[in-house]
Amino acid sequence: MAATRDFVIRFAGEGGQGMVTASEALAAAAAQVGYHVMTFVTFPSQIMGGPTWSQCRVSVTPALSNGDTLDVLVAFNEEAYEVHKGELRDGGILVYDSAVFEVPDEDRSAMNVVALPYEELGKSTGNPRAANMVILGAVAQFVEWPEQYLEDFNVQRFTRGRPNDAEIVAANSMGLGLGRNAARESGFSLGELAAPDPPDYEQIIIKGNESFGLGALAGGVNFFVGYPISPATSILVFMEQNLRGEGTFVYQASSEIESISTIVGAGFAGKKAMTSTAGPGFSLMSEGLGMAWMMEIPCVIVDVQRGGPATGLPTKSEQSDLYMAMHPAHGDSQLPVIAPGTIEECFYAAMHALNWAERYQGPVIVLSDHMLSERVQNIRKPDPALVEVEARQIYTGTNGYKRYEGDSVSPMPLPGGPGAYVANASEHDDIGDTTHLPERHVLGTERRFGKLKLLEDTPYEARNTDNDVVILPWGGQKGPAHEAYERMMENGVPVGWYYTMFISPLNPKLLDELRSKKLVLVPELNYLGQLSSILRQHGVNAKSLTQYTGLPFKVADLVEKITAEVEAEVGSKVGV
Amino acid sequence: MTKRNPEYDFKWCPGCGDFGVKRAIELTIAARTTEMDIAFENNVIVAGIGCSGNLVHLTDGPQPFGFHGIHGRTLPVAFGIKSGNPELEVMIVAGDGDFLSIGAEHIGPAAQRNLNVTCVIMDNGVYGLTKGQSSPTTQFGVVTSTTPGGKIEGEVKPFQYYLSLGASFVASAFSSKPREMAQMIRQGMDYRGFSIVHVQSPCTTYNDNYDVLRGNAKKGIDPLTYDIPESHDPTDYREALRIAQDPGIPLGVLYAADNSEPLDERYSSLNSRLRSRDVDEMIASFAIQ
C-alpha cells in the first residue's frame, strides 16, 4: 500500500479542554520534521466552555486548505461526538475518552473506534497535563510515525529552564508511550504517512494575525491604536508587545470610534498609523474613514472579517465586508482594499497597505478573515526586502502653501513644519477652509478619486487563461480554491485561474483580461456575491459561488460546483 | 470670509461670545510662542463641529495648523496628534454640544490618561449652527425647537462632570472677560496634563443670556457669575468640588492637581525601558526549531 500523503485530525469538545493546544502541538511537531501543516480553530465567543473544535492537517506537500474530511476524530465529550462523527471519512478512526462517555453499539460498525481514557492515563504519568501527549502518541502511531518525532518535540518544547523540566519531559514521554501502546493494541492504522519532503527554503510557523503584525512592523508602522474584538484582538496584543522604540506609540483605545479618530490624528501629525478591528468595530469607523478620505490623511485599517451583520458570528469565517470595505462612509468615496489570501500574504499585505496609504495619502483597508487570523501554518520565511518601504511626500517649502491645490497627490505639510493648513472634513478650498462652491466640490471629488490611479499597477496571478471559464477567488478562500483548481487540473477540467489580493482598485489590465472571458466564477463566503457584483459593474461576466455557513469552503464542493459550471458553459461533460 | 480665505462663507452672529474666545486664543498662542520660544508651527488647533469649531478658519495673524474633523471627536483626534508628536502644542476648541453630548464619552479616557492638551469649551447652552435645539447645558424647563413643551431632562453641570471624571485642570471663564480668559487658557496650556477651560460664550440669536451671566441692575437681574475668591487653593479637590456644586457660575481656576504627570511623559519613560527588537529578529523568533 502506497504511503498516505496527508492526514487530517480534529479535536472536538468543550472550550478549555486543550483542543487548540493539542492541534498546535501536533502542527509544531510535524513542521519540525519537515511536513507542511495548517490548523483550523473555531470556538464560541466566551472564555471557557462552549463547543470548540480545532483541526490540524499534516501534509507532505504545502497544505492549501484545512481538509474536507477527517481521518481521525478525537471526541472529548458525547455532544462533540454526535456533532462531528458525520465528518469522519470511511475507514477513519474515532478516539474518545471512555471514562467520559460511551459510543453507542449501533455506531461502532461504521468506524474504527478506539476507547482511550486519556485523562486518566495522562494523570497516571504524574503530569496532569499529559492527556494531550497520550492522544498525540496514539495519533502518531496511527500514521506510523517514527517515535523520535514526538519524543524530540517533547524535549525541545518542554525544556524551558524550569527546575521541574526533567520531570515534565519524562511524564510527557510516558504519556506518548501510553498513547502509542493503546493505538497499537487497537490494531487500527491510517497507513504510513510518507516521509516529509522538507522545503529547501527557510520557514517560520505562525498565525495570520501575527504574520500581519510582522508585516506592519516591516512596513514601518510607528503608531497603533486598537480596541479588543474577535477575531482581531491578537493583532492589538501583538502590537502592544512588539511595537517599541523611539517615536513609536501603541495604545488600547476606549472604542473603535476613538481608534479611527486617533489614527487619523496621528496620520495628520506624520505617523504611519494603523488600527485593527472586525465587522462591528469597522461599522463604527465609517464616519472617521470618510474623514480620512476627505482630509487626505494616510492610515491603515485592518478588518478581520467575521460572520453576519451586527454581532453576527464573532468567531466564524465569512467574506461579507467587501462592500463595506470599499464604501464604508457616506458620500462619494471608494477606499483602497487589499485582501490577503494566505498567511504569507498577510505579511506583504500589511507592507503594501502602509505604502499605499503614504503614496495616495488616504485610508487603506486590509480585509483579513477569521480563518486566516487564528490558524497556525508553516510558511516561507517572509523577506521584508521584497517590498520597498515608501515614505510620504512631505512639504518643505515656506508658509502660504496651498495644500489641496491640483488634481493629484501633493506634498503634505506636517505640524511642526512649514505650510500650516486646516485638515478639513468639510468640502474645502486649497488651504483647507470650508467652502460650498460647486466648482470646488467637483475639483475636490475628482482629485480624491483621481489619486486611486496611483494604486492600479498591481500584480495578479493568471494561469491557463486561454480557457473560456476561469475562477477568481479572493481573500482567505484562495487556499481551498487553489486546491480545487489543482484537482480540476488533474481531472482535465478546462478552467483558468486568476487571483489578486489587490481588490480595489482592480488592475485595469486584469479587468481587460476578465472581460474577455465567457464566464468568471468567484467562490466567496457571502450571500450577496459581493466581488462578482463589483466585477459585473466593470463589465465582467462574473458569477459567484456563494456559501454562508460561517465555515470555509470544502474543496470537494468547489470542484463539483465549478466543474458543473464549466460543463454547462461548454455544453458537454468535462474531465474524468 | 477673510482676505486669506475668500471662498469661506461662514460668519458668527454679531455679539457672539466666540469672538472673545478667538481673541483670547490668538493672544495666548502669540504670547506663549514668543515668551517660551515655541515655534509657531508647533501649534495645532483641533476643532469640533458647531459654530465654535469655525474658530479654526477665522484666526487672524500667523496661522497655526488646524484640524476641523467630524462631530464629537476632538479628543481622540488630539490624542493621536499629541501622541504622534509630543512636541506639539495641541488645543481643542469645541462647543457644549460637541464636547458634552456626542463627544462626552471621550472626556473620561482623556482625563484618566492625563492627555496633555487644553480644551477650550464654548458653552452657549444651545445648538446654534442647527438653529436652536436643546443642548446638554440647556437648563431644565427651557423651550427650544426640540423641547417645545420645555426641556424635561436635567442639565449637565460641566464642572462637577469634569472633576468627577478626573480632569487635572478645570477653569471657568466668560467670553465678555477675554483678558481673564486668556490668562486661564495660558495656565491651562502651560499646565502639564489634561486641562479644560470652560467658557460661557452666549449665543445672541438662540440663547442670549448675557444679562443673566453678568447681571443687569436696571432690570433687577443679579449676575450668575462671580469670581472665585483668591483664597481658594486650586490643588484642593474637595474644595473645587464644593465650588462646582454651589449655585452660580464661578469664574477662575477651580482645580489644578499638583504632581500631574501627563501621558506623553509616562509613555516615553515606559517605552524607553522596554526592549526593542528589530523586525528580522522578530521574524526569526517564529522559526521552526
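Helices (H or I, at least four residues) and strands (E, at least two) are DSSP runs, numbered from the N terminus. The model is predicted, so that local features need pLDDT of at least 70 and side-chain atom pairs count only at pLDDT 80 or more, while totals for chains, interfaces and linings use all residues. Residues are numbered from 1 along each chain as its sequence is written, chains are lettered from A and ligands numbered from 1 in the order in which they are written, and side-chain values use heavy atoms, with hydrogens and water left out.

**View 1. A:Gln361 and A:Ala310, two non-glycine residues with positive phi.** A:Gln361, whose phi is about 55 degrees, sits in the loop that runs between helix H13 (343-360) and strand S13 (363-369) of chain A. With a relative accessibility of 1%, A:Gln361 is buried (under 20% relative accessible area, with exposed meaning over 50% and partly exposed in between, for a 1.4 Å probe and protein chains only). A:Ala310, with phi near 50 degrees, belongs to the loop between strand S11 (299-305) and helix H12 (322-326) of chain A, and its relative accessible area of 68% makes it exposed.

**View 2. Two cis peptide bonds that lead into prolines of chain A.** The bond from A:Ser230 to A:Pro231 is cis, with omega near -5 degrees, and A:Pro231 lies in the loop between strand S8 (223-226) and H8 of chain A. A:Ser504 and A:Pro505 are likewise joined by a cis peptide bond, with omega about -5 degrees, and A:Pro505 is placed in the loop between strand S19 (502-504) and helix H17 (508-515). Most residues other than glycine have a negative phi, and most peptide bonds are trans.

**View 3. The surroundings of A:Gln377 in strand S14 (residues 376-380) of chain A.** A:Gln377 is buried at 9% relative accessibility, and its side chain reaches the backbone oxygen of A:Ala63 at 3.3 Å. Leaving aside neighbours within four places in sequence, the residues in contact with A:Gln377 (heavy atoms within 4.5 Å) are A:Val37, A:Met38, A:Ala63, A:Ile204, A:Ile205, A:Ile206 and A:Ile343.

**View 4. The interface between chain A and chain B.** The contact draws 66 residues from chain A and 48 residues from chain B. About 4600 Å² is buried between the two chains, 63% of it on carbon and sulfur atoms, where buried area is the accessible area (1.4 Å probe) that two parts lose on being put together, summed over both. A:Arg244, A:Phe249 and A:Tyr251 contribute 12% of the area that chain A buries against chain B, more than any other three residues.

**View 5. A salt bridge between A:Glu258 and B:Arg113.** Chain A and chain B share two salt bridges (a side-chain nitrogen of Lys or Arg within 4 Å of a carboxyl oxygen of Asp or Glu). In one of them, the side chains of A:Glu258 and B:Arg113 meet at 2.8 Å, N to O.

**View 6. The cysteines of chain B and the absence of disulfides.** A search of the whole structure finds zero disulfides over all chains, a disulfide being a pair of cysteine sulfur atoms within 2.5 Å. The sulfur of B:Cys51 has its closest cysteine sulfur in B:Cys16, 6.4 Å away and therefore too far for a bond. For B:Cys119 the closest cysteine sulfur is that of B:Cys51, at 19 Å, which is also too far for a bond, and B:Cys119 is buried, with a relative accessible area of 0%.

Key
Polar contact = N/O pair within 3.5 Å; in protein donor to acceptor, adjacent residues only side chain to side chain.
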